[in-house]
Amino acid sequence: MTMTIESPRSKAPAKKRTNWEKWGWIYMRVSGVLLVVLVFGHLFSNLIATPGGVHAIDFGFVGGKLANPFWQVWDVLLLWLALIHGANGMRTIVNDYVTRPGLAKTFKVLLFLSAALLILLGTFVVFTLDPCPAGADPSLVASFCNAS
C-alpha cells in the first residue's frame, strides 16, 4: 500500500482576481454605443432642432441649455464617458507599443491624471456656469435672464 502526502496548497481555493482587461473591453463597447446616442442627440438638439442652427449657438444658448438639469446630466454623461473611453483607448495603445515598463507606467499615470483633471474641470463648469453673469450685455446672455 502506497501512501501519498497531499500538498497543503492543493486544497486551498484559487484566489479570484478581477480581470481588468475584460472589464475595459466591455466598457469600451458599452460606452461606445452610449456615446453614439449621446453625440447624435447633442448634435440634433444643437444643430437641427434649434431655430437658426449653428448660427444660434452663442453664450446665451449654452448658458440656457446648461441651466436645465436634463442637459447638465446629458453633457456630464457625455463628458465622463468620452474622456474615460478615450483614456482607456490610449492606455491600450500604451500597453501595445511602449515596451519599457517604467515609461509605460509614467504614461498611464499621466493619462489617468489628465483624464481626471479634465473630468473634474468639465463637471465643475457644467454645474457652476452662471447663465446670467452680472454686468453682461443683455443681447449675449440667455433669454430668461433679467435685464438689469
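Modeller: In this predicted model, a residue is called buried under 20% relative accessible area, exposed over 50%, and partly exposed in between.

Biologist: Why is F70 called partly exposed?

Modeller: F70 has a relative accessible area of 48%. That value lies between 20% and 50%, so F70 is partly exposed.

Biologist: What makes W74 buried?

Modeller: The relative accessibility of W74 is 18%. Buried means under 20%, so W74 counts as buried.

Biologist: Why is the pair of F70 and W74 called tilted?

Modeller: The structure holds 3 aromatic pairs. In the one formed by F70 and W74, the centres are 5.6 Å apart, with 45 degrees between the planes. Rings pair if their centres lie within 6.5 Å, and an angle that is neither under 30 nor over 60 degrees counts as tilted; therefore this pair is tilted.

Biologist: How far apart are F70 and W74 along helix α3?

Modeller: They are 4 residues apart in helix α3 (residues 69-97), which means a separation of about one helical turn. Ring pairs also link F70 and W74 with W71 into a cluster.

Biologist: How do you know that K65 lies over the face of W71?

Modeller: K65 is placed 3.9 Å from the ring centre of W71. The distance limit is 6 Å, so that part of the test is met.

Biologist: Which residues make the nonpolar surface patch, and where does I57 fit?

Modeller: The patch covers about 880 Å² and includes V36, F40, L47, I57 and V62. Helix α1 (residues 20-48) gives the largest share, 7 residues. I57 sits in the loop between α1 and α2 (59-66). Its relative accessibility is 34%, over the 30% that patch residues need.

Methods. Residues are numbered from 1 along each chain as its sequence is written. This is a predicted model: local features need pLDDT of at least 70, side-chain atom pairs count only at pLDDT 80 or more; totals for chains, interfaces and linings use all residues. Side-chain values use heavy atoms; hydrogens and water are left out. Patches are made of residues with over 30% relative accessible area and no salt bridge: like charges are joined within 9 Å, nonpolar side chains (Val, Leu, Ile, Met, Phe, Trp, Tyr) within 5 Å. Accessible areas come from the Shrake-Rupley method with a 1.4 Å probe; for residues, only the protein chains shown count as cover. A salt bridge is a side-chain nitrogen of Lys or Arg within 4 Å of a carboxyl oxygen of Asp or Glu. Helices (H or I, at least four residues) and strands (E, at least two) are DSSP runs, numbered from the N terminus. Buried means under 20% relative accessible area, exposed over 50%, partly exposed in between (1.4 Å probe, protein chains only). Rings of Phe, Tyr and Trp (its six-membered ring) pair if their centres lie within 6.5 Å; planes under 30 degrees apart count as stacked, over 60 as edge-to-face and the rest as tilted. A charge sits over a ring if NZ of Lys or CZ of Arg is within 6 Å of the ring centre and within 35 degrees of the ring normal.
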